[in-house]
Each structure stands twice: as C-alpha cells, then as structure tokens.
Amino acid sequence: MEKTVPFETWKYEEQTKIKHLVFADYFDKWVKILGKDHPLNYFDCFGGKGAYEEGNEIYFGSPIIAAEIIQRNKINLKRDVCLVVIDKDKNNLENIKKILDYKKLDAKPIFVNRDFDLAVNKLLDENPNLAPTFFFVDPFGFKIKISTLKRMMKVAKSEVFLNFMYNGINRNLGIEQADEILIGLFGSSKWKELKDIENREKEKRIVELFRSQLKEFCKFVYPYRLCFPEMNRTYYYLFHLTNHYKGCEIMKGSFAKYNRGRVEYRGKTESQMTFFDYDNIKIDEIKKYLLSTYKGCNKSFIEIIEEQIDETPYLVKHIRQALKELEKDSKINIVRKIRTTKSGKIRTGIDNEDEMRF
Ligand SMILES: C[S@@+](CC[C@H](N)C(=O)[O-])C[C@H]1O[C@@H](n2cnc3c(N)ncnc32)[C@H](O)[C@@H]1O
C-alpha cells in the first residue's frame, strides 16, 4: 500500500479482524452497562502499533478502538474512562499518539513504556482501590504470569480478555528454556505431564488445565478458539475472565455474532452451513444435554445458566428455547414464579427464578 497516512501500520490478518470485531462489540456493552454506575478503567496491556492495513484499507488496533468507544459513550458515563496503554516498544506508543491526533480523538491515555508485568503490578500496588477495569492482555507470545492475572481479577467487577497463544505454547512444551515461563503461565508444572500426548487430546487437556487454574480465582472462564485463516488448526484462544454470568453471556453473543452463530473462529475454510441449520442442530443437542445433566433435579433457570454458561458452548437464548421445547414436549415441567403477565395472560416465557423440574 502507498503510504498515505502519517503513522505506521501492521499487516492485517483475518483472525485479528475477528478479535477486534468481538472486542469492540463486547467492550462497548461493558462500558455502557458498568459505566452508568461506576467510574471505569481500560488497560491495554500490550498496546501494539495501533493500526493495520489490508489492501487499501486502514484498520485500527485495540487502544484506538477502545478510545473511540469511550468517546462515543461519554455522554452516558458516570465519569470519563481512564485509558492506560502499555507497550515495551516506545515507537509503538509514539505511533498510537500519532493515530489519536490523526483521528482527532480527545482521549488522553496514560502511556506506560514498560514491561507489562512490572507495569501492571506497580499500578496495582499504587492503586489498591482501582475502579472496575477491563484488562486486554494481547501479547505476541505467552510470557504472562497467572499470579498477575489473579491480582487483576481481585479488582472488583473487573474482567480480563486474554490471548492464550496456544500455537506458541505447544511448540515450546518440553523445551527447557521455556520451562520457567510456562510454570509462571500455568502456576504449576502439571503441563509437563501433557507434553507427549497425541496432538488433539493435548490441546484439549492444555486448555482445560489452564482454564481450571483460572477457575481457582475467577467464577466464569470461557476459552474462544481462533484458527489460522487458511486452515482448521488452532492459532490461539481468547480467554474471557469475568465474575458475572452476564459478562460471559454477552461475550458469547459477541463471538457468535461474527462467527456464524458459533463461539469459535474456524478460519475461512469452514463449511457453509447456514445459521438456520446450525441453530436447529444445536437446540436438539442442548435438549439432550439438559435432560441427561439434570435428570431428576429441580433447578431455577438462573441456576442452570450459572452452571452451564462457561461449561458449554451454548448461548442463553438457545438454552431458553431448548427448555421451552422440552416443556412443550412434556419432557419437563416449568413452575413459573409469576403465573400471569401484566395484562393477565398465562406466562409462557422463562424468567431467572422460574423452576425447571426434570
Ligand atoms: C499483538 S501486539 C498487540 C496488539 C494490540 N492488542 C491490537 O489489538 O492492536 C503485542 C504488543 O506487545 C508488545 N510487547 C511485547 N512484549 C511486551 C512486554 N513484555 N510488555 C509490554 N509490551 C510488550 C509488542 O511491542 C507489541 O506491540
């Protein structure tokens, strides 16, 4: 591309575009929901260059996307969102400043030209009562300590969106020089037991292990798989950490929105199944799953959602639909806490407190 912009760009890749679309969709909702009642922070822990190019188009990176969303929502926010951008490379931070000027954004980020781990721990040391914070942790590699993620999740109402670079991790399992970094990442040496097993099983177990380590200190943890654009092979996972089921529900919705209803990006080669086919198959699968999981149990809808939201790939709207169909097929009974609508009609919807009798 001919240089027509006064800043540098990186080449844009398909999976990065998906990452940005999902992030933008979710972050906008997070800011709108939490920003009504709380001051907020956004930490871009690995800021990057701030801009990408594809063909003749320029696209923007996470710090710029966040700054635009914050600016758009300003009028409805309790207070301005504090934006912190960290990057070890000073040139990248300078580039981001140029982009903010070019786009005439009035964001005034705090730029931190330091290693992420040192920078975040220092900020957390100095600000023990941090406002709810969205931490975007998006490195090229996997040099992240789980102990730092744990500290981040201690900040009330905070969330972490983390790039778990599976491809790189897999290549380094068993390489001695990477041992210490991997122990820091997993917070244990258990991954060593998994390094020699068959590839697909290894991936599943590695992701499960990391997730279970995160679940020690975070209520809802969901890994979104992203493949290489040209092949059905995992590139990385985006892990979303939140302590509220709604966060998990909304993130799944954001992911599904850009991935044909799925909560993973399978690259350009995925089959052309339509939304409709996929939804139908999914509802049948969910019905079977719910019947076998909850056989003989009574559970409120919210209990089911809290138990299943980060354990299954299902969206809340699909779980609700499956339960309604099970009721229609007389496979379950639903006891509605409020029996009629405001206009006096018998309720057929499902609210959080309604009880499912399996
Ligand atoms: C994948 S890029 C970030 C992309 C960005 N999140 C986006 O969506 O546009 C990773 C960035 O991390 C920076 N980086 C690498 N190691 C770092 C470290 N230890 N601490 C802080 N930044 C680091 C690199 O300079 C690079 O700009």
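Tyr52 faces Tyr59, a residue of strand 4. This pair is a good place to enter the structure, which is a predicted model.

Start with the strands around these tyrosines. Strand 3 covers residues 51-54 and pairs with strand 4 in the antiparallel sense. Four bridges join strand 3 and strand 4. In general, strands of a sheet pair through backbone hydrogen bonds, in either a parallel or an antiparallel way.

Now widen the view to the sheet. It is open, has three strands and runs in the order 1-3-4. The pairing is mixed. Strand 1 (10-11) and strand 4 (57-60) each have a single partner strand and stand at the edges, so one side of each is left without a neighbour in the sheet.

Next come the helices. Two packed helices are described by the angle between their axes and by the distance between the axes. Helix 1 spans residues 14-35, and helix 2 spans residues 62-73. They pack at an angle of about 35 degrees, and their axes are 10 Å apart. The crossing of helix 1 and helix 2 is right-handed.

Which residues make the contact? From helix 1 come His20, Phe23, Ala24, Phe27, Asp28, Val31, Lys32 and Gly35. Helix 2 supplies Ser62, Ile65, Ala66, Ile69, Ile70 and Asn73. Sorted by class, this contact has eight nonpolar, four polar and two charged residues.

Finish at the ligand. There are 14 residues around it. Phe46, Gly48, Gly61, Ser62 and Phe116 come nearest. The shell around the ligand has five nonpolar, four polar and five charged residues. Ser62 thus links two parts of this tour: it is listed in the helix contact and among the residues nearest the ligand.

Notes:
Residues are numbered from 1 along each chain as its sequence is written. This is a predicted model: local features need pLDDT of at least 70, side-chain atom pairs count only at pLDDT 80 or more; totals for chains, interfaces and linings use all residues. Two strands pair if DSSP finds at least two bridges between them. Axes are lines fitted to C-alpha atoms, for helices over the stretch in contact, and angles run from 0 to 180 degrees between N-to-C directions. A crossing is left-handed if the near helix is turned anticlockwise from the far one by less than a right angle, and right-handed if clockwise. Two residues are in contact if their C-beta atoms, placed from the backbone, lie within 7 Å. Ala, Val, Leu, Ile, Met, Phe, Trp, Tyr, Cys and Pro count as nonpolar, Asp, Glu, Lys and Arg as charged, and the others, Gly among them, as polar. A residue is near a molecule or strand if its C-beta atom, placed from the backbone, lies within 6 Å of it.
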